[in-house]
Amino acid sequence: MQTFLQYTILGLALGGAYFIAASGLVVTYTTSGIFNFAQGAIAMLAVFTYWQFRWGWGWPAPLALLMVLGILAPLLGAVLYQVVMKNLRGTSEVTKIIVSIGVMLGLQALATWVWNPTSSTPRQFQKFFGPKAFAHVGSLTIPWHIIISFAIAIAIAFGIRFLFVRTRSGVAMRAVVDDPELLQLNGGRPERLAMISWAGGSFLAALAGILIQPMIGSAMSAGALTLLVIDAFAAAMFGRLRSLPRTFMGALVIGLTTTYVVAYFPSKWTWSSAFHNSLPMIFLFIVLLVLPQDRLRGATVLRLRERFRMPSIRTAWIAGLTMMIVVFCLKVIMAKTGVNTLTLALTFAIIALSLVLLTGFAGEINLAALSFGAIAVMVVYHFGISGTGAGARTTLWGILLAAVVTALVGALIALPALRLRGLYLALATMAFGVFVSRMVLTERNERELFGWKFTIFTAGQLTIPRPKIGPIDFNGQDAFLFLCAGLFVVIGIGMVYLRHSGYGRRLTAMKDSPAASATLGMSVIRLKLSIFMMSAAIAGIGGVMMAAQVGTVNADRFDIFLSLALMMITVVGGIGYVSGALFAGIFLIAFIEALNLLLKKFAVDYSTLEAIFMFFVSAVTVLPATIGITMGKNPSGAVSDIVDGMNLVKQSKSLMITVIGLEAAIWVLTATEVITNWNFVILTLANLILVPMIGGKILMARAMRGVPKPVPPEFIGIDRPFTDEDLAAMDQALNLDGVVIPSSTTVREEPANASA
Amino acid sequence: MSEVHYHEDHGAVAGAPLVELVDVRAAYGTIEVLHGINLSVPQGSVVALLGPNGAGKSTILKVVSGLLQPTAGEVRLAGRVVNGASADELARIGLCTIPEGRGVFPNLTVRENLWMATMAGVSLAEVEEIAYARFPRLGERRKQLAGTMSGGEQQMLSMARALSVNPSVLLLDELSMGLAPLVVANLYEIVAQVSQEGVSILVSEQFARTVLGIAQYAAIVLHGNITRVGTPAELEDELSAAYLGS
């Protein structure tokens, strides 16, 4: 009984802290419609800052609390809203999710940068009033910290409810979500209210972090702390991001069950610690499964800022061929480490292809692509390798089996997807990813089930050899590079074909309006299930290739944060395009690596400026997240910008010849070792970016000379008469190839011109 | 181009103008949709904006309410230029706008909806008193979520705000949208009453008949221009031309 009471109180306090974090999510979601994935990261940052003030610099606790909770945390929330989240109105769910994930990864990188995790002195975080402050209630001894936590949670629950129901500002905060414009017409200030709510949400996150950290008692780690508060997502979901009482109940259930698992599971169950860690994620998954059905949307067509063009099949073939040639040319001049990095980048690009298929084509979200890769790798390790030692090879059948198994697991995860969309699905996949990391990839011991002995993630690391397919052995690095490049091209072109097929059009239709699709007689369920399976299989194949490139992989290779970063960068690259996936792989692996090496090389070469260059080395870790955050401004992705720039090159033959000629010259100089590889990289970037830019300017200036100021299309015919060019442009825009409009006399005189 | 501008009609409306638009141009992105609007709403009168879909009626109201900034020209309120003022600032100084088709917050209760109206400076008790007296049905449903009420009841709720905040200017956008004719007639009766209390009203409508019964002046909007201003009687003939083409 004594134990039970003790653990119940502990569980209530933990649940209380979860509730505080979850209520912050509810507050920001209620007022801005953005689910803040960065909530955990804000809590983490607050914990580190508080530690710095309290123990790093020895401030008294009240001062440190005032500084963190009263000033810094609300300020961070307000700034986040003003600088980042405000721009997200009218963007798709994917963009909203990606931007807040970007903030999360950014804050995490920042914390690792400032508070070096490999520092020699461990950072100790203590309970309020020190580790020995106990209250004696009857026969129980309870730390004051625990009592304080639970009391604060209850106070906050009542406080928020009062705010949202009994104060005009609180009601107005709810009104902002319904219709910010209408609130403005009422005389309210929606922007200010949303900013205040973000400040409040950030405050709650910080408070939760400071309360939870000493309850866990482990050393402070940026990743673990971020994920810890993510456990609160389950509680927020239980309250469907609206109801505070239900959120409170959900949080208590999570807090209590996790502490009871610690208390009552027999210690010989070696998996109970992993189970304890993954419990909130299991809870989240179940909550999402039983959540009442989301209504099919479709009554209003959402006007989104995202725009994706569909590439033609011809373009896809040309691009594929070009890519193979480019890879070959790069291989010739690259050092061995360079080839390794490029191959790894391509394997990540293949995994990113699964995201393009799922999110770009079908509008569904998967935040745990690498977890599917992990499953495929485990299948290959156990069933897909022939030979031993240096002669071991991954078999084709092994890869295919892995693809099938991941597809089936994908189908299982897609179960909630059949009913859920957007945010809820994203959370379900994230729960799956964290579950795989915490429960499956920690399965290192031998288990016995019905007399069958097996280990899942043997010894914490799996060795995956290169594949041998038929007579072709891809063991050599160059051969494997071409295999990966070829695989990317084949899957990529396949996806473009798919996009052009009836199936692809059905996917787009489903993405735009599931309700309309269903009324047209499509089986939305079959579509969703099939696309999820296909996507999971591609992620699995990519994961196997990644493992085969690395050689021996451990659990860190499939980290949820890596999955999130890959998803984010793919969205940055352009989630609607195959090239967006390539961008993601190259950027996340090769570009960051190259930038790092280049900066370190500079630091060595120019030792007087070493500090500055090493600063930039750290800054590079924050770079991907920073780029993710900017998505709010251009939701169609960077590739779409690059493509727009390239259009200039396409339109002018002379410019195209200049660019290709220069590039060839640079390549020849590098191949003959006249210039170094670094100069090749710099010159190539200059050639691909600066030449079209300058050339475009010159061409534009030349074209503009003698041409009058353009007349907006709606004024043509009013301000000046229609010309042949206008009619031709109109025909092109309306897809009326060769239609001759007979009313214009000039057209009638020269019919050849009109159809040109 | 000149045939679509009617600058000379600018003076046709008599009385001291409370709302005045002078050569107002407005654009969505790069596409200009209002090409120089001149319009006055005299104090205490009802001015109807008539015209087909996409003519620019709602855009004119958006510009006046402060939701859309004009790219050129002046918007005047009681003689002062209010270009650049935000919608919430204008709302707090006595401009009440009922936007098209969605004048309520669906996830707030009736009472909470009325509470939002108090930002213009009236107390909640006063707003509730006026609203429930005029629409007893709202009083019965004060704790119901506005989104769960019928279209007519929702429009009552938005009208209740217009009645209770005591505005000097009322902007109504497509009041009749999606409502039964009887409800529409009822609503316009209220509009007429409000106008008799000295409120200046600018109302846009596709269905001209009902609104012409209470409007002192009407302006025909076509392709982003005001093509004609006059009393309802003067405009009878031209209306059909505006809708059906001559």
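Me: In chain A, what share of the contacts between residues at least 6 apart in sequence join residues at least 24 apart?
Reply: In this predicted model, 76% of the contacts in chain A between residues at least 6 apart in sequence join residues that are at least 24 apart.

Me: How many helices and strands does chain A have, and how much of the chain is buried?
Reply: Chain A has 30 helices and 10 strands, and 43% of its 756 residues count as buried.

Me: Can you give me one residue as an example, say Gly15(A): where is it, and is it buried or exposed?
Reply: Gly15(A) lies in helix 1 of chain A, and it is buried because 28 other C-beta atoms lie within 10 Å, where 20 or more are needed for a residue to count as buried.

Me: What does Gly15(A) touch, leaving aside its neighbours within four places in sequence?
Reply: Gly15(A) is in contact with Ala251(A), Leu252(A), Ile254(A), Gly255(A) and Leu256(A). As for Ile212(A), that residue is 197 residues away from Gly15(A) in sequence, while the C-alpha atoms of the two are 9.6 Å apart in space.

Me: Now the nonpolar core: how many residues are in the largest one, and which have the most contacts inside it?
Reply: The largest nonpolar core has 290 residues, and those with the most contacts inside it are Ala349(A) and Leu353(A). Helix 14 of chain A, residues 336-362, gives the most to this core, with 16 residues.

Me: And what does Ala349(A) touch, not counting residues up to four places away?
Reply: With those sequence neighbours left out, Ala349(A) touches Phe488(A), Ala581(A), Leu582(A), Ala584(A), Gly585(A) and Ile586(A). As background, nonpolar side chains tend to be buried together in soluble globular proteins.

Me: Helix 9 of chain A next. How many of its residues are buried, and which helices do they pack against?
Reply: Helix 9, residues 222-230 of chain A, is mostly covered, with seven of its nine residues buried; among them are Ala222(A), Leu225(A), Thr226(A) and Ile230(A). The buried residues of helix 9 pack against helix 1, helix 2, helix 4, helix 8, helix 10 and helix 17 of chain A.

Me: How do helix 19 and helix 21 of chain A pack, at what angle?
Reply: Helix 19 (residues 502-512) and helix 21 (residues 524-550) of chain A pack at an angle of about 110 degrees, with their axes 11 Å apart, and the two helices are therefore roughly perpendicular to each other. Helix 19 makes the contact through Arg506(A), Leu507(A) and Met510(A), and helix 21 makes it through Val524(A), Leu527(A) and Ile531(A). By class, this contact has five nonpolar, no polar and one charged residues.

Me: What about chain B, how many helices and strands are there?
Reply: Chain B has nine helices and 10 strands. Its radius of gyration is 18 Å, close to the 18 Å that the globule rule gives for 246 residues, so chain B is as compact as a globular protein of that length. The C-alpha atoms of chain B fill a box of roughly 55 × 35 × 35 Å along the principal axes, and buried residues make up 46% of the 246 residues.

Me: How many residues does each chain put into the contact between A and B?
Reply: The contact takes 23 residues from chain B and 19 residues from chain A. On the side of chain B that touches chain A, helix 2 (87-92) and helix 3 (110-117) of chain B each supply at least two residues, and by class that side has 14 nonpolar, five polar and four charged residues.

Me: Which residues make the contact of helix 6 of chain A with helix 3 of chain B?
Reply: Helix 6 of chain A (residues 168-178) and helix 3 of chain B pack at an angle of about 105 degrees, with their axes 10 Å apart, and are therefore roughly perpendicular to each other. The contact is made by Arg168(A), Val171(A), Ala172(A) and Ala175(A) of helix 6 and by Glu112(B), Trp115(B) and Met116(B) of helix 3; these residues divide into five nonpolar, no polar and two charged.

Me: Last topic, backbone angles: what is the phi of Arg240(A) and of Asp23(B)?
Reply: Most residues other than glycine have a negative phi. Arg240(A) has a positive phi of about 50 degrees although it is not a glycine, and the phi of Asp23(B), also not a glycine, is near 50 degrees. Arg240(A) sits in the loop between helix 10 and helix 11 of chain A, whereas Asp23(B) lies in strand 1 of chain B.

Technical notes
Residues numbered from 1 in each chain as written. Chains lettered and ligands numbered in written order. Predicted model: local features only at pLDDT ≥ 70, side-chain atom pairs only at ≥ 80, totals over all residues. Axes fitted to C-alpha atoms, helices over the stretch in contact; angles between N-to-C directions. Helix = DSSP H or I, 4+ residues; strand = E, 2+ residues; numbered from the N terminus. Parallel < 35°, antiparallel > 145°, perpendicular 65-115°, else oblique. Contact = placed C-beta atoms within 7 Å. Nonpolar A, V, L, I, M, F, W, Y, C, P; charged D, E, K, R; others polar. Rg over C-alpha atoms; globule rule 2.2 N^0.38 Å. Buried ≥ 20, exposed ≤ 12 C-beta atoms within 10 Å, placed from the backbone. Core = buried A, V, L, I, M, F, W, Y, C linked by C-beta atoms within 7 Å.
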